[in-house]
Amino acid sequence: MLTTRFVDGAPNWIDVGTSDIDGAASFYGSLFGWRLRSAGPEAGGYGFFQLDGRTVAGGMQLPPDQGPPSWTVYFRSSDAEATLRACEQAHGRVLMRPMDVMEQGRMAILADQAGVPFGIWQPGRLTGLDVAGEDGSLCWVELYTPDVAAAAAYYRAVLGLETSAVTFPGGTYTCVNPDGQGEDAMFGGLVPLADDPAETEPYWLPYIAVADADATVARAEELGGTVRLPATDIAGVGRVARLADPYGARFAVIRPLPQQE
């Protein structure tokens, strides 16, 4: 699972762009206990979702012409410009060129060879999220893609990600981890779109750790969210569910199995 020992290629930030930031803040506040704090007047309406005073995500309201509400996963890069060039060479697209975010760092928005957007964060004063891998915070990410082999090659070239196959009853799962960090640094997986008829388009999906997946699903429905996959046991992993907030931004929750000593 993900930790805040961020290295190049690891997810170090997530944020939600939504049509109603106040409504989203109410939803995630009631679901996870998050509180939205403004990043300041110079941040253009951007805010930090915090849990017990620690930042777990970002968020802002977007105009309708910038696409439907969605979560974006950002990956650490020590050189955003070099990552941009690698993206172009690997037949991806640049959606937003690297830009300074005050003195906090540099960000860019890219798209992979299948058109899936993702972010790059080059740390300045802000290295990334304050907490990860704990209840109420990001602990895993998953890419739904039409071609796992092509996605693995792309993210290897652009972010230096390594892949490995993990067998489970009924098939295999392709895990990803930063270059040279070993399997203990696994933070996500690549999933063929064809394996899940409920998923019709490629995208990155963030997972939030929770103490009780079933209770979280029930609460999300009460708050106006949508259940895209009911709480389901995954052997050797935990209990997971895929959801969408009331504005359509997709995310997942997981109650991980206790780690073996």
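Two strands count as paired if DSSP finds at least two bridges between them. The exercises below apply this to a predicted model.

**Exercise 1.** Trace the open sheet: in what order do its 8 strands stand, and which are the edge strands?

*Solution.*
- Follow the pairings across the sheet. The order is β10-β11-β12-β9-β13-β16-β15-β14, with mixed pairing.
- Look for strands that pair on one side only. These are β10 (161-168) and β14 (226-234), the edge strands.
- Check the twist. From one strand to the next, the average is 25°.
- Zoom in on one edge. β10 and β11 (residues 171-178) run antiparallel, joined by 8 bridges. Ala-165 faces Thr-174 of β11 across this pair.
- Add the helix. α3 (residues 148-159) packs on the sheet and touches β9, β10, β11, β12 and β13. The directions of α3 and β10 make an angle of about 145°.

**Exercise 2.** Classify Thr-83 as buried or exposed, and place it in its surroundings.

*Solution.*
- Locate the residue. Thr-83 sits in helix α2 (residues 80-89).
- Apply the cut-off. Buried means under 20% relative accessible area. Thr-83 has 6% relative accessibility, so it is buried.
- List its contacts beyond four places in sequence. They are Ser-77, Leu-110, Ile-120, Val-158 and Leu-159.

**Exercise 3.** Determine where the buried residues of α2 lie around its axis, and what covers them.

*Solution.*
- Collect them: Ala-80, Thr-83, Leu-84, Ala-86 and Cys-87.
- View down the axis. The buried residues of α2 fall within an arc of 165°, so they line one face of the helix.
- Identify the cover. It includes β6, β7, β8 and α3.
- Inspect the N-terminal end. Asp-79 caps α2, with a side-chain oxygen 3.2 Å from the backbone nitrogen of Glu-81.

Terms used: Residues numbered from 1 in each chain as written. Predicted model: local features only at pLDDT ≥ 70, side-chain atom pairs only at ≥ 80, totals over all residues. Heavy atoms only, no water. Helix = DSSP H or I, 4+ residues; strand = E, 2+ residues; numbered from the N terminus. Axes fitted to C-alpha atoms, helices over the stretch in contact; angles between N-to-C directions. Contact = heavy atoms within 4.5 Å. Buried < 20%, exposed > 50% of the residue type's maximum accessible area, 1.4 Å probe, protein only. Arc of directions from axis to C-beta. Polar contact = N/O pair within 3.5 Å; in protein donor to acceptor, adjacent residues only side chain to side chain.
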